[in-house]
Amino acid sequence: MPALPLDELQLTERDPKTGKLRTLPALHPEIKADRSFVLYRPPPVVRDPALVEEFLERAKFIADDLNWLLTLPHDKFWCQVIFDETLQKCLDSYLCYAPRKFDALLDCHPEVNDMQKCLHRSVFLTFLRMSTHKESKDHFITPSVFGEIIYNNFLFDIPKILDLCVLFGKGNGLLLQKMIENIFTQQPSYFSDLDETLPTVLQVFNNILHKCGLQCEGASAEPQKLEEKVNVTAGNMPLQELKDIVLYLCDTCTTLWAFLDVFPLACQTFQKHEFCYRLASFYELAIPELESAIKKRHYEDNSVFADLWRRISHSRKKMIEAFHILINQVCLQPILESSCENIQPFIEEFLQIFTSVLQERRFLRDYDELFPVEDDVSLLQQASSTLDETRTAYILQAVESAWEGVDRKKAQVVNNPTPPAASNGASAIVESAAEDTEELGAAYASEDECAGAAAAPIVKVSGVELDSLISQVKDLLPDLGEGFILACLEEYSYNAEQVINNILEDKLVPYLDKLDRTMQRQLKPDPTPLVTSRYNVFQNDEFDVFSRDSVDVSRIQKGKRREKDTTRSLLNDKRLVAEQKERYSQYSVIVEEIPVQQGEAQLYREDYEDEYDDTYDGNQVGANDADSDDELISRRPFTIPQVLRPKGQEEGQEEEEEDEEEEEEAEKERTKDHFVQDPAVLRERAEARRLAYLARKGHKHDSSAVVGNVKGHGQNRETVQERRKKEANKSTRANHNRRVMADRKRNKGMIPS
């Protein structure tokens, strides 16, 4: 006979009051055992014996009760879980107050650590059994009824699931993933609860920005209260408030990352609320502001600064990893698993997400340092041949521009591998304190890699800039010597932030760790001191005390030199004349004869040559030059002057000369090219032809009658007649008959009508 599920099972038992047999369902409140579970409290901060004893006693009660619960049979376990409210409050208190692995490590008593480890194991096993609807083939619950039980009785909800991921994700990833997948599979209503929870998560980011005096895009615009302070920022807020904000941010980011890492199927629900864009925008606004506030604040205890810096670095890393998980699950993983026809929507989603965050330059640098965007784009190019190269090139160019002015040093990041499941359930579940410490150290060790985006380029600094860097470190760590700080700066490429971080976390390189931390700065002597390297116009002169031991003091003049020079003293000063006298005396020496010694006479006779040079005697030099007496004759023939000529010879010769000149002019006219003749010449020729024609006809026009005598002497009759005739007939010629001439031109087409 097959076994019935627990929700259908009926139990027959005797009524303790009446003693009669009765039938009850297996899940009934009366079957619950009467047991009270105490609430959990965190371990004590200090080693106070009373507090330690109180914690050990309370934790032992809880551990014993949970171990008793785990030993109950299947039906009694579920009755106790469903109907015992003290059990739910106990489990909720542990999820709320249990130390996280990113919390400060306390120097607890060994017994406290052992008890905390035992209690941690018992709580996880309790939740593991609560999330299992089938323990064996005989003990199980109908899946649909199981989903209703855990949902209606609030055995699991979204805040509890988030706390489970952050508390038990390390070392129990596979078991926790199966737990949460089974919960969401059997009760899909949890997806809608998650969808309703995400606005609250986004409101957490807005609250942090509001506390820091910032405003995020997409935040709900609410009217500001009149009494609300506007000038509160992360830099001027109280230290305790700053610590609370950083702790709040660290807890939120780590919890979100742990949930997405354990349950990647929730990424689609996150992306419905544009979580990637909101996360990048919050990162760009809050992280630089909080980092600046932490570094600039003065701390009485350096451990406070170290704790804040570790938490903000841890938050940065977890936000970037959460963004990468979303990108991987929403876009990249479906592309790798889908066929070529179905990948286009995922590629479009990838391009839209990165296009929306391109303005967040700081976030792009940090993300690209841990997870290069170029690798993701390369994956898209290999998966699709129709990829929009323009958009991908624009995204890559924006990522490159985000690195401008910053030293780019890629970090080699290994994705968090899921540890293999151990064969022993207890060994797979229990997290030792040593593992927590190792995880914390590994997480903090990787923060420097993420901080590379804000690091300064590696350059050699000196002078005022070096003194400023030393002062920056010394302000936070005043007990360190300048010599030790200088050695650390030289080792870490003059990055003051990295030096401070490594000193506080004791992560210095071995040779720096061996140095004396109070070592003072050694001033290097100048190899070329001022005295030996001075160069000026007065060097090595008679008054240079650096180059000579004795100086003529009498030549030293104190004050202004005043010499009473008069005109007589200037005229009597003949020093210049004496200086120039010898020079000018050389010009007055003229030697006409050079006296020759007896031995030099023979030498002069050998050099002298008395032979006459007749080489050019046969040439008539200048005989036929152009400036001889016949020059004018050769250029112009001889002409007899007119006064000496006879009278007849003079006229005849003149006529001959005129004829010759006319022939020459005619010859010149014939040789000219009259393609365009001169109008004046043409008129003269026409007038000459007209006069010749009138002369042949015998008509003689005398214009002297019109001219007449000089004015004032009277005119004769003929002159008066000629003038009257000219006045009467003047319209027939010249320019007086304008109308007739205009009509004539118009008829010939010369004037447009």
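**Exercise 1. Classify Phe 154: is this residue buried or exposed, and what is notable about its phi?**

Solution.
- Step 1: accessibility. Phe 154 has a relative accessible area of 57% and is exposed. The cut-offs are these: buried is under 20% relative accessible area, exposed is over 50%, and partly exposed is in between, with a 1.4 Å probe and protein chains only.
- Step 2: location. Phe 154 sits in the loop between helix 5 (143-152) and helix 6. Helices (H or I, at least four residues) and strands (E, at least two) are DSSP runs, numbered from the N terminus.
- Step 3: backbone. The phi of Phe 154 is positive, about 55°, although the residue is not a glycine. Most residues other than glycine have a negative phi.
- Step 4: a second case. Glu 274 is also not a glycine, and has a positive phi near 55°. Glu 274 is placed in the loop between helix 10 (267-271) and helix 11 (275-296).

A note on the model. This is a predicted model, in which local features need pLDDT of at least 70, side-chain atom pairs count only at pLDDT 80 or more, and totals for chains, interfaces and linings use all residues. Residues are numbered from 1 along each chain as its sequence is written, and side-chain values use heavy atoms, with hydrogens and water left out.

**Exercise 2. Describe the protein as a whole: how many helices and strands are there, and what share of the residues is buried?**

Solution.
- Step 1: elements. The protein has 32 helices and 2 strands.
- Step 2: burial. Of the 753 residues, 33% are buried.
- Step 3: contacts. Contact means heavy atoms within 4.5 Å. Among contacts with a separation of 6 or more, 72% are between residues 24 or more positions apart.
- Step 4: surface. The accessible surface is about 49,700 Å², and carbon and sulfur atoms hold 52% of that area. Areas come from the Shrake-Rupley method with a 1.4 Å probe; for residues, only the protein chains shown count as cover.

**Exercise 3. Explain why helix 6 counts as largely enclosed, and name what covers its buried residues.**

Solution.
- Step 1: count. Helix 6 spans residues 158-168, and 10 of its 11 residues are buried, so the rest of the structure largely encloses this helix.
- Step 2: residues. Among the buried residues are Ile 158, Lys 160, Asp 163, Cys 165 and Phe 168.
- Step 3: cover. The covering elements include helix 3 (85-97), helix 4 (110-130), helix 7 (173-186), helix 8 (189-211) and helix 9 (239-262).

**Exercise 4. Work through the salt bridges: which residue pairs with Asp 366, and which with Arg 746?**

Solution.
- Step 1: criterion. A salt bridge is a side-chain nitrogen of Lys or Arg within 4 Å of a carboxyl oxygen of Asp or Glu. Side chains of opposite charge can pair when their charged atoms come close. The structure holds 21 salt bridges.
- Step 2: Arg 746. This residue bridges to Asp 743, with the closest N and O atoms 3.1 Å apart. Both lie in helix 32 (residues 738-747), 3 residues apart, about one turn of the helix. Arg 746 is partly exposed at 38%, and Asp 743 is partly exposed at 35%.
- Step 3: network. Glu 291, Arg 316, Arg 362 and Asp 366 are joined into one network by salt bridges that share partners.
- Step 4: Asp 366. Its partner is Arg 362, with the closest N and O atoms 3.2 Å apart. Both lie in helix 14 (residues 361-370), 4 residues apart, about one turn of the helix. Both are buried.
- Step 5: Glu 135. This residue bridges to Arg 129, the closest N and O atoms being 2.7 Å apart. Glu 135 is partly exposed at 35%, whereas Arg 129 is buried at 15%.

**Exercise 5. Find the surroundings of Leu 486: which residues does it touch, leaving out those up to four places away in sequence?**

Solution.
- Step 1: place. Leu 486 lies in helix 21 (residues 482-491). Its relative accessibility is 16%, which counts as buried.
- Step 2: touches. Leu 486 touches Leu 466, Ile 470 and Arg 521.
- Step 3: distance. Leu 486 and Gln 520 are 34 residues apart in sequence, and 9.3 Å apart in space, C-alpha to C-alpha.
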